[in-house]
Amino acid sequence: MKPIVQVRDLTRIFGDSCGRCLEHVDETTNICPVCGSVVACGGVSFDLYPDEVLGVVGESGSGKSTLVRLLHFDWEATGGAVYYNLQAAGSYGAVNALELSPFLKRQIRNTSLGIVYQNPQDGLRMNVTAGGNVAERLLTAGWRNVGNMRARSAMLLQRTEIPVSRMDEPPRNFSGGMQQRVQIAKALSNSPAVLLLDEVTTGLDLSVQARVLDLIRSLQRELHVSMIVVSHDLGVIRSLTSRTMVMKHGRIVEAGLTDQILEDPQHRYTQLLVSSQL
Amino acid sequence: MGYVAVKGGGLAIENALKYVERERVKGGSSPIKIEQIGDQLHLAVDRVMGEGSLYAPGLAALAIKQAAGDMLEASFMVRAYRATLPRLGYSLARPTGNLRVIRRISSAFKDIPGGQILGPTSDYSLRLLDFSLKYETEESYREWLRKFTDDAGLTPGEGRLESLPRVMDLLREEGLLEEPVVTPETQQICDVTRDSLEFPAPRSAAMQALARGETGGMLCLAYSNMRGFGSVHPTIGELRVGYLPVEVTNPITGEPYKVGEVKVTEAEIISKGHGGRKGKPKFSMGYGICFGHNETKAISMAVLDRSIQEEEPSAPSESQEFVLQHIDGIESMGFCNHFKLPHYVTFQSGLDRIRKARTIILEKPQDIIKTKEENA
Amino acid sequence: MLGEWAAAEKPTGGYNFAYIDEGTKREIRRSILKAIAVPGYQVPFGSREMPIARGWGTGGLQITLSIIGPGDVLKVIDQGCDDSVNAVNIKKFIDRVTGVAMTTETKDATIIQTRHRIPEQPMTDRQVLVLQVPLPEPLRHVEPLEAETRRMHGEGDYGLMWLSLYENIALHGEITIGAGYPLLVNRRYIMSPSPIPRWDCPKLHMAETLCLFGSGRERRIYAVPPHTIVEPLEFEDHRFRVENFESKACSRCGSANETYLDEITDDDGHKFYTCSDTSNCERRCRQ
């Protein structure tokens, strides 16, 4: 089975790189001792398969959020390659998506990717109605029938347990949990092949968290969408993912089946994480 | 049934212009001479030259008379006149160290090399209306000048001929002032009178737009920054008023050749360093310059120069695009007043919309899913 | 001071033909050609100050002055009316600097400069329509920054614009734009046709006449060449709709939903309607 996303040596450096930062940093630090640049993401490589939920776990500053932003083209990578082998993405599978024009990157994003951010402000337009937020990707994909768009928005909002009567209200009036669910509906509006979830339950009340996690799990089973789930919370990782990568200082220090990583961590850092949380 | 007069626009305009003229002459006072405006309202002339973007005191004075004192109109007339003039050449870009100073102060230091020279300023005058001005005569002017010259023991002629050291150089020598960023973009010399502004605008384009900007608009934005919608917190490093030589390349010898001089006001302000630059902390600066004696504008310009260099604008005065788009007096005045033009066709369209909108009943969102299910 | 005056005191008519110097005319014509080559794209140009104020038609005026020749016949209208004060003022100025023949008859003009209306009579390929534009950027109400709207046009990234139309429909049941309706030109650029009523938008589609748009203050020229596809932004289930004059008629020529009408209330409080395009109304009355 061919992976739908292949990431090779993905790198993002903040600051004026001396050009050899990657040689100078490792798991103990991500600040280059020569030029002071921060290697937020250092040579990350992995594959994502169809219908798979991949976890990325680490503490803050580990580079896991950077990774997701790079995959969604929110930020420019400093180096490396990403290959999207997606039918909807057309013939781009053979090409490094990071080197495409902004126009083509947006096409891939609009047709094949969805993202949910930790902070709803980042993923939603707060002064646009909830239904409008969900419809936005449909509009950019060329939908031109308002009735159809509203029906699809209403269906997605209902599926994410937002009262449809509130479809024409802006999300700034909603609770935190509701805003997250609107984000999920929005991310799914164009039936993406890959859904990126960045700390989506962090900051929510525990009962609300549970509800959001249940929703994500059931959506995945129903739609078979591949997901990358970023979290510092091992409980979230355990409940959603089948495979996991552990990141520290911008590098993957350990990767494998989620159960194995959590029951029998090999790397010192993973052992520290597991023992301190569970 | 009513009949709407659709003729008569031309006659109405002619009559309106006559009425304007009448407002000017009906009082019976003697016509103002252009020289009187040039001499006694010289600060108005300076302002109009600066905003009209043409150094021509006589034309500015004429415009002020023709516009009956409306400074925006007068600047507009000068600018329109400027548009008819062919471009004969370009002056050489020169440092302003050889400005022939008549006024020069610094707020950053108590005293500076060359001294604090107040010059002609009303900063320290009491703003009490002086009724004796009603009774002046040409004779009283002559008498005053004669007394002034005798008391001062001077021969007529202005300024100090030697150039004064720059206060900012004191900070530079100590390494306390940020060096300007030098890139092809910052070195490029644009011409905003010939090209449309694009954003982000190169530095020369921004400076040109500010130098010919409207004093009130620039003051408003700089003031907003000073009050806290922004963070420049300026100290005036140096303010100079004086005469700057204008030089061109001599077509025969190829050497710089002075063709005249222009009176300018120049301001350099000191502000905190740009965040995120490496190394030890330094000050940054802002630069302002304009035609004539107009300190409010030069200081505002210097504050805005610095504030639009903020990399992450958090206030209107920090957004380069916001500032440069809104400080041209000719454009802002024109657009503001254009709303007096008939807009009845567009308004009719709006009436149509609102009348229709009042008849619409919105479908409830809750009903959408029901309808879909029914249709399925 | 007096030295400056020698140059200033030219006799009336001492200006170059059509006021603008030849170099500037060439520059503006080049911008016009570029605009024609890329229909609907806003070409930046070095707009000069004119003796009429910014916001009062300096863009349209610069276009007219750059293309006008001694043999042209000029018509100028504002809100559809030849005798409106603004139209008269512009005609006075152009007369003074060109001496060109003037007309109020649409069919006799070779150049028609207009503010906020397109003449009712269809024009030919021997005529040029010059429209005065106050705000050339159709995306401005969804994105205030010029740097960003230029990118949006360049990348064809019009999602925000479509979203604003969707929001209109969600909140008000229909698209609420009155005049100045956004149009998609040549299936590529979204363009503002200037604040003409919706009634006039269909006239731009596959027209015989070249339409030029000028904004002096914002420094943009754009064009719809003849036989260009021009489509209003609409949805399949919420179509573009022109203004409705069904129950109204012109009190002078009797036009019923055939021309755009002005609504007038007289001193007795009685409301009635007349054609906005005055010369067309007079032509109809003569027949």
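This text walks through a predicted model, starting with chain A and ending with the contacts between chains.

Chain A has 278 residues, and a compact globule of that length would have a radius of gyration near 19 Å; the value for chain A is 19 Å, so the two agree. The C-alpha trace of chain A spans about 55 × 45 × 40 Å along its principal axes. Of its 278 residues, 49% count as buried. Contacts in chain A often link distant parts of the sequence: among those between residues at least 6 apart, 66% join residues at least 24 apart.

The secondary structure of chain A consists of eleven helices and nine strands. Six of the strands form an open sheet with mixed pairing, in the order 5-6-7-3-8-9. Its edges are strand 5 (113-116) and strand 9 (251-257) of chain A, each of which pairs on one side only. From one strand to the next, the twist averages 15°.

At one edge of this sheet, strand 5 of chain A runs parallel to strand 6 (residues 194-198) of chain A, and four bridges join them. Within this region, A:Val116 has A:Leu197 in strand 6 of chain A as its bridge partner. Towards the other end of the strand order, helix 11 (residues 268-277) of chain A lies across strand 8 (243-248) and strand 9 of chain A. The helix runs at about 105° to strand 8 of chain A.

In chain B, helix 9 (residues 203-211) has these buried residues: B:Arg203, B:Ala205, B:Ala206, B:Gln208, B:Ala209 and B:Leu210. What covers them includes four other helices of chain B: helix 8 (184-187), helix 10 (215-226), helix 11 (295-307) and helix 12 (320-326).

Chain B touches both chain A and chain C. Towards chain A, five residues of chain B are in contact with nine residues of chain A. The chain B side of this contact has three nonpolar residues, one polar residue and one charged residue.

Between chains C and B, 58 residues of chain C are in contact with 50 residues of chain B. On the chain C side, the elements that give two or more residues are helix 1 (5-8), helix 4 (85-98), helix 5 (146-155), strand 11 (261-265) and strand 12 (271-275) of chain C. Helix 4 of chain C gives the most, with five residues. By class, the residues of chain C that touch chain B divide into 23 nonpolar, 18 polar and 17 charged.

Definitions and conventions
Residues numbered from 1 in each chain as written. Chains lettered and ligands numbered in written order. Predicted model: local features only at pLDDT ≥ 70, side-chain atom pairs only at ≥ 80, totals over all residues. Contact = placed C-beta atoms within 7 Å. Nonpolar A, V, L, I, M, F, W, Y, C, P; charged D, E, K, R; others polar. Buried ≥ 20, exposed ≤ 12 C-beta atoms within 10 Å, placed from the backbone. Rg over C-alpha atoms; globule rule 2.2 N^0.38 Å. Pairing = 2+ DSSP bridges. Axes fitted to C-alpha atoms, helices over the stretch in contact; angles between N-to-C directions.
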